[in-house]
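Subject: Structure handover

Hi,

Here is the structure for you to load. My notes on the sheet and the cores follow below.

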Amino acid sequence: MSHVVGVDAGGTSTRAIVVDASGAVLGTGRAGGANPNSHPPHEAASRIASAITGALGGLDPAATAACVVGMAGVSKLSDPSIAEIFEAAWKDAGIGPVRTVPDPEVAYASATSSPDGSVLVAGTGSIAGRIRGRRMVSTVGGYGWLLGDEGSAYWLGREAVRSTLDVLGRGGEPGPLARAVLAEALGPSAVDPAAGASLWRALITSANSEAPIRLARFAPFVSEAYREGDPVADEITTRAAALLVTNVMTARDPGETTPIVLVGGVLSPEGPVGAKVRAELAGLEVLTSTDGVLGAAWLAAVDAYGEGVPRPASP
């Protein structure tokens with residue numbers, strides 16, 4: 001009997017599952033991050049192949065009817081020399097053909113069978129996409145930390161640091177968010193309002209001494225301060241939600257009623273940004289991505305067995 005393989009290859013981990021035509025999960029595999037933008041391509045390709053091999057276990061790789069790999073950084077494969085490295089990895093794993101797609105496509109497919117809709121991703125970065133025929137045909141945002149990533153964890157962390165600098169620069173009393181930022185950046189003993197000017201300089205120096213994306217580590221403090229009633233955190237999360245909603249609505253046609261799938265930790269229903277985004281999208285069908293690897297496996301099953309194939313259950 002044949003089977004299909006789905007893979008969700010992210011920046012920090014790679015997971016693969018094998019399912020049959022009934023949707024039953026036959027095996028799972030895991031490996032390290034495989035984004036070719038943040039890992040050497042040979043390493044990324046090897047990790048995907050390793051996850052696939054682990055998922056196949058004792059199954060015959062030649063019986064793989066289809067394989068879909070949802071990959072962060074998939075655009076890197078537009079370089080023929082990079083694509084060749086990955087094709088060699090598929091060959092070594094004994095499977096083919098392999099269809100590689102952007103990770104938002106598998107995230108969208110994990111939440112809905114609808115072929116058309118929109119996807120909004122907000123993790124470390126952010127992007128919105130228009131989905132047609134289960135393919136992401138256009139995008140809004142996704143430009144990275146330097147040019148965009150509105151509403152993302154990076155953006156939230158940057159705004160947390162900026163708001164702290166604003167308070168210190170005015171000689172104001174640091175609130176819950178500012179105190180948390182200072183403690184994280186400079187140490188617990190740094191939270192001394194009397195040292196405002198020196199803290200202002202020290203925080204600027206600290207923030208600029210690290211890779212910009214490190215600002216994302218301050219994002220959780222925004223949610224924590226919001227729960228403590230900090231008005232600064234409330235204002236930041238409101239702006240984040242508005243920016244994210246603007247991006248996803250820009251990716252849609254006027255009056256469109258197709259599903260919107262939310263993806264990423266910033267958009268968790270339990271977090272303030274996720275709650276505010278859902279409130280702004282009230283009246284539309286808003287879904288939460290469950291597990292990208294399930295979406296990848298289901299897309300592979302549709303490729304192999306056609307529409308109406310059962311969706312795989314969580315392994």
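**The sheet**

This is a predicted model. It has an open sheet of five strands with mixed pairing, in the order S8-S7-S6-S9-S10. Strand S8 (135-141) and strand S10 (286-288) are the edge strands, as each pairs on one side only. From one strand to the next, the twist averages 25°.

S6 and strand S7 (residues 126-132) run antiparallel and are joined by six bridges. Among the bridge partners, Ala122 is matched with Ser126 in S7.

Helix H3 (residues 103-111) lies across S6, S7, S8, S9 and S10. Its direction is at about 115° to S6.

**The cores**

The largest nonpolar core has 40 residues. Which of them touch the most other members? They are Leu120, Leu156, Leu177, Phe218 and Val277.

Two strands and several helices give two or more residues each: strand S6 (117-122), strand S9 (260-263), helix H4 (153-170), helix H5 (176-186), helix H6 (196-208), helix H7 (219-227), helix H8 (231-250) and helix H9 (272-280). H4 gives the most, with eight residues.

Take Leu120 as a starting point for browsing. Leaving aside residues up to four places away in sequence, Leu120 touches Ile127, Ala128, Leu244, Val248, Val261, Leu262, Val263, Leu267 and Val277.

There is also a second, separate core of 28 residues. Its members include Ala9, Val18, Val69 and Ile82.

Best wishes

Technical notes:
Residues are numbered from 1 along each chain as its sequence is written. This is a predicted model: local features need pLDDT of at least 70, side-chain atom pairs count only at pLDDT 80 or more; totals for chains, interfaces and linings use all residues. Side-chain values use heavy atoms; hydrogens and water are left out. A nonpolar core is a set of buried Ala, Val, Leu, Ile, Met, Phe, Trp, Tyr and Cys residues joined through side-chain atoms within 4.5 Å. Buried means under 20% relative accessible area, exposed over 50%, partly exposed in between (1.4 Å probe, protein chains only). Helices (H or I, at least four residues) and strands (E, at least two) are DSSP runs, numbered from the N terminus. Contact means heavy atoms within 4.5 Å. Two strands pair if DSSP finds at least two bridges between them. Axes are lines fitted to C-alpha atoms, for helices over the stretch in contact, and angles run from 0 to 180 degrees between N-to-C directions.
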